[in-house]
Amino acid sequence: MDFSQNSLFGYMEDLQELTIIERPVRRSLKTPEEIERLTVDEDLSDIERAVYLLSAGQDIQGTSVIANLPFLMRQNPAETLRRVLPKVREVLHVAGVEMQLTAAVSFLTILQEESVSIHTYAHAFLQVILLHLEHRDAGVSNAWLETLLSVIEVLPKETLRHEILNPLVSKAQLSQTVQSRLVSCKILGKLTNKFDAHTIKREILPLVKSLCQDVEYEVRSCMCRQLENIAQGIGTELTKSVVLPELIELSRDESSGVRLAAFETLVNLLDVFDADDRSQTILPLVKSFCEKSFKADESILISLSFHLGKLCHGLYGIFTPDQHLRFLEFYKKLCTLGLQQENGHNENQIPPQILEQEKKYISVRKNCAYNFPAMIVFVDPKNFHMELYSTFFCLCHDPEVPVRYTIAICFYEVSKLLNSGVYLIHKELITLLQDESLEVLDALIDHLPEILELMSTGGESSVQENKLSSLPDLIPALTAAEQRAAASLKWRTHEKLLQKYACLPHIISSDQIYYRFLQRMFTIMMTNNVLPVQKAASRTLCVFLRYNRKQEQRHEVIQKLIEQLGQGKSYWNRLRFLDTCEFIIEIFSKSFFCKYFFLPAIELTHDPVANVRMKLCCLLPKVKATLKIPADKHLLQQLEMCVRKLLCQEKDKDVLAIVKRTVLELDRMEMSMDA
């Protein structure tokens, strides 16, 4: 160890830092005077304590009372409204951010719990909510706004008109603050569904138009995003005559944020407009938006790539062949955006703005992967190989994990859409199974059984063996995927993969399973340290055994289960044997279990380890349910004898308690009669 002068100075500096860290901890301890001030008389009722703390307590105590307001309303609503709520109103005038946020949440909870009638709620709480809508802190203002929007859902029309709509006329004026006008936009979007078309046309739509033409781009953008809700409230005719012209004007706005809001709202409203509106008005706007998007901010490309699927669906049948081709080329270009800018620089040497741009390009390609199934419908699955296969190949081999993860999620949808053409993407399935990222594998295996089923039954050949021969790399890819999952710390992915392997008897031959997978399941059961993984391997092994028709292979597996697990030296293996017995009872016939596993299972009543005996006792009712009288009378006698021995000889009090409970359950069971 170096005790030079420099290193000693370094140690001294470290010690000084430690003392600096320590000082605030000492100061944070409460003095006796502070503790005295925080102490409250224990004899006070909940209401009296709340009033006292709001009047004379510290901020933290007041916040606690407000957080407890829903409880007080449930316990004693009348007294809470009469005595506590006035104090809450007083405190909120000077309250800090934390207390304001707590109050907004409490008021919303009281509404959701319906502690009082809506009329009483409006009378007691509505004015408080409205008063704090324009709080100087944006987070507080948003919290109160969320509460108000929930209240609007349940308020009667008259209250809405007098308390909210009428004041809104002045709140939405240019003379008001930007925050006030933003709040007005969101309230208008909620109010539209609460009034009839005549009221909306006369009182709400003029305000909407005014806010759409506001001098501040934030207000125009906010109002634009509410037009979707407004369109749903006013019907098709008014949407075409009022909302559509506003959207067209906003789509040409000088602010890119407003143009983006207009584009997204148009996409979401495509179903509302007829074919003429789509072809004559919306399609030119979309075309213009796409053409300008590469010159604009990358955030516009992110939004555009995300909404491509909806656009394809909404404008289907309207594109001319030339427009169809150009739109497809635009999509393909987005799928490879940023991949052309290859560089060998170290990430630390890349300027921050370039790194940020690359992240946005990754988001664009990820959105393209998300929309890939919609693009197959757009080009028609019959044209997949010519039009989209190369793009699909690029997405499956993308250098970024989020892109490959998204295409792995979509793989099943793509397989379904291709139907008989699913053989075209065999290689990509193998590629994703062998992906270096376990996230990609985890996404793919969610629908692995269905994908493999399509692979084995799709294609041009009608003979299953011929189809499977076109997947020569499948088995090595599956085994490699399992080994990668096993070597990682992500045991849930490993467990899921083993569960999905239960589909393999429907996909490949029993010989392939026996030689390539069955022994691996044994190894996992014997050596893996994660219980859910062991159980998954055990169940899958039982499924493999169920579909194996070769008697010598079956007998070999059964013998290994009994000798290596049921009679194994490790108590852990004997516990796994009982798990396996449970799966066999579930998957196989009763007679199969009785023939091969009944006696080895009940032999464990003599096991030296209490946990094994305890687990067996819990399994005994299921074991007894496999017996049929009179054919299995001798087995029933064996079971009864083992239970009697347990009752008489068991010394472990926990096991004995379970034995007694199990005996009662066994006595109540009715035996199955052999036909």
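This section describes the fold, the nonpolar core, several helix pairs and a few individual residues of a predicted model.

The protein contains 38 helices and two strands. Of its 675 residues, 46% count as buried. Among contacts between residues at least 6 apart in sequence, 69% join residues at least 24 apart.

The largest nonpolar core comprises 214 residues, of which Phe107, Ile187, Leu191, Phe372 and Phe597 touch the most other members. Helix α13, spanning residues 217–250, supplies the largest share of this core, with 15 residues. For Phe597, when residues up to four places away in sequence are not counted, the residues touched are Ile558, Leu561, Ile562, Phe577, Cys581, Ile584 and Phe592.

The UniProt record, an unreviewed entry, places the feature "repeat: HEAT" at residues 204–241 and 243–281. In the model, the span 204–241 is 89% helix and 0% strand, and its end C-alpha atoms lie 15 Å apart. For the span 243–281, the helix content is 72% and the strand content 0%, with the end C-alpha atoms 13 Å apart.

Three helix pairs were examined, beginning with α6 and α7. Helix α6 covers residues 77–93 and helix α7 residues 97–113; their axes come within 11 Å and cross at roughly 145°. The crossing of α6 past α7 is left-handed. On the α6 side the meeting residues are Leu85, Val88, Val91 and Leu92, and on the α7 side they are Met99, Gln100, Ala103 and Phe107. Phe107 is also among the core residues that touch the most other members.

The second pair consists of α14 (residues 256–268) and α15 (residues 275–293), whose axes come within 11 Å and cross at roughly 135°. The two helices are therefore oblique to each other, and α14 passes α15 in a left-handed crossing. Arg259, Leu260, Phe263 and Leu266 make the contact from α14, while Ile282, Leu285, Val286 and Phe289 make it from α15.

In the third pair, the axes of α23 (residues 401–418) and α24 (residues 426–433) come within 11 Å and cross at roughly 125°. This angle makes α23 oblique to α24. The crossing of α23 past α24 is left-handed. Arg404, Ile407, Ala408 and Phe411 of α23 form the contact with Glu428, Leu429 and Leu432 of α24.

Both α23 and α24 are also partners of helix α25, whose buried residues pack against them and against α26 (448–457), α28 (474–487) and α29 (491–500). Helix α25 itself spans residues 438–445 and is mostly covered, six of its eight residues being buried. These buried residues are Leu438, Val440, Leu441, Ala443, Leu444 and Ile445.

Individual positions were then considered. Thr63 is located in helix α4, which runs over residues 59–67. Its relative accessible area is 10%; because this value is under the 20% cut-off, Thr63 is classed as buried. Apart from neighbours within four places in sequence, Thr63 is in contact with Glu98, Met99 and Thr102. Met99 of α7 also takes part in the meeting of that helix with α6.

Pro70 lies in helix α5, residues 69–75. The relative accessible area of Pro70 is 7%, so this residue also falls under the 20% limit and is buried. Its contacts, not counting residues up to four places away in sequence, are with Ser106, Thr109, Ile110 and Glu113. The C-alpha atoms of Pro70 and Glu114 are separated by 10.0 Å, although the two residues are 44 residues apart along the chain.

Glu640 belongs to helix α37, residues 633–649. With a relative accessible area of 37%, Glu640 is partly exposed, because the value lies between the 20% and 50% limits. Glu640 and Lys624 are 16 residues apart along the chain, and their C-alpha atoms are separated by 9.8 Å.

Key: Residues are numbered from 1 along each chain as its sequence is written. This is a predicted model: local features need pLDDT of at least 70, side-chain atom pairs count only at pLDDT 80 or more; totals for chains, interfaces and linings use all residues. Side-chain values use heavy atoms; hydrogens and water are left out. A nonpolar core is a set of buried Ala, Val, Leu, Ile, Met, Phe, Trp, Tyr and Cys residues joined through side-chain atoms within 4.5 Å. Buried means under 20% relative accessible area, exposed over 50%, partly exposed in between (1.4 Å probe, protein chains only). Helices (H or I, at least four residues) and strands (E, at least two) are DSSP runs, numbered from the N terminus. Contact means heavy atoms within 4.5 Å. UniProt positions are given in the numbering used here, feature names are shortened, and annotations may be inferred rather than shown by experiment. Axes are lines fitted to C-alpha atoms, for helices over the stretch in contact, and angles run from 0 to 180 degrees between N-to-C directions. Angles under 35 degrees count as roughly parallel, over 145 as roughly antiparallel, 65 to 115 as roughly perpendicular and the rest as oblique. A crossing is left-handed if the near helix is turned anticlockwise from the far one by less than a right angle, and right-handed if clockwise.
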